[in-house]
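The following exchange examines how several descriptive terms are justified for the model shown here. Each answer sets a computed value against the criterion that applies.

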Amino acid sequence: MTDKPEKPVLLSGGNPQIPKGHGDAPVQAWIAAAPGWKSDAARRLDALITRMVPGVRKAVKWNTPLYGVEEGAWFAGFHAFDRYLKLAFYRGASLDPVPPVGSKHKDVRYFHIHEGDPLDETRLADWIRQASRLPGERM
């Protein structure tokens, strides 16, 4: 009898429940556990962020992969919902152009990725580059 690792629980919207942790491993566990097309989209986002921000810090908190430049301060993260992957820019109101989806928090802006949407990596890379140069959000 072999013990198989338990699959992570999927929360509402298919967001993987991954234990809090710092570094690449918990982020990769979240990506691997994301259902269907969301895993592929998250893998592409993670690769793009890693390419655009050499030495980027990664963590999973509140079942959300987070990305930052300085310890404990985050410029972006993403979260799975039923119909889309929500990419959050924590100082998104300062980006040019401003990402299209607003938030109840005045500084935060979102970009939603839906299944089958073409991913404009040039636009995303520009936002990621800009966001990584702004002060991170302490969480």
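**Terms and their grounds**

Strand 2 and strand 3 run antiparallel and are joined by five bridges. The model is a predicted one.

Q: What makes strand 2 and strand 3 a pair?
A: Pairing requires at least two bridges between the strands. Five bridges join strand 2 to strand 3, so the criterion is met. One of the residues involved is Lys58, whose bridge partner in strand 3 is Tyr67. The two strands form a hairpin with two residues between them, and Trp62 in the turn has a positive phi of about 50 degrees.

Q: How do you know that strand 3 and strand 5 are paired as well?
A: Two bridges join strand 3 (residues 64–68) to strand 5 (residues 76–80), and at least two are needed. Tyr67 has Ala76 as its bridge partner in strand 5.

Q: Why are strand 1 and strand 7 called edge strands?
A: The open sheet consists of six strands in the order 1-2-3-5-6-7, with antiparallel pairing. Strand 1 (21–22) and strand 7 (109–114) each pair on one side only.

Q: What makes strand 3 mostly covered?
A: Five of its five residues are buried, that is, under 20% relative accessible area. Thr64, Leu66 and Gly68 point one way from the strand, Pro65 and Tyr67 point the other way, and all are buried.

Q: Why is Asp46 counted as buried?
A: The limit for a buried residue is under 20% relative accessible area. Asp46 has 7% relative accessibility and therefore counts as buried. Asp46 is found in helix 2.

Q: What makes the approaches of Asp46 to Gln28 and Tyr67 polar contacts?
A: The distance limit for a pair of N or O atoms is within 3.5 Å. The side chains of Asp46 and Gln28 are joined by a polar contact of 2.9 Å, and those of Asp46 and Tyr67 by one of 2.7 Å.

Q: Why are helix 1 and helix 2 described as roughly antiparallel?
A: Angles over 145 degrees count as roughly antiparallel. The axes of helix 1 (residues 24–33) and helix 2 (residues 37–52) cross at roughly 150 degrees and come within 8 Å; the two helices are therefore roughly antiparallel to each other. The residues of their contact divide into five nonpolar, two polar and three charged.

Q: Which residues of the two helices meet?
A: Asp24, Val27, Gln28, Trp30, Ile31 and Ala32 in helix 1 meet Ser39, Ala42, Arg43 and Asp46 in helix 2.

Methods
Residues numbered from 1 in each chain as written. Predicted model: local features only at pLDDT ≥ 70, side-chain atom pairs only at ≥ 80, totals over all residues. Heavy atoms only, no water. Axes fitted to C-alpha atoms, helices over the stretch in contact; angles between N-to-C directions. Helix = DSSP H or I, 4+ residues; strand = E, 2+ residues; numbered from the N terminus. Parallel < 35°, antiparallel > 145°, perpendicular 65-115°, else oblique. Contact = heavy atoms within 4.5 Å. Nonpolar A, V, L, I, M, F, W, Y, C, P; charged D, E, K, R; others polar. Buried < 20%, exposed > 50% of the residue type's maximum accessible area, 1.4 Å probe, protein only. Polar contact = N/O pair within 3.5 Å; in protein donor to acceptor, adjacent residues only side chain to side chain.
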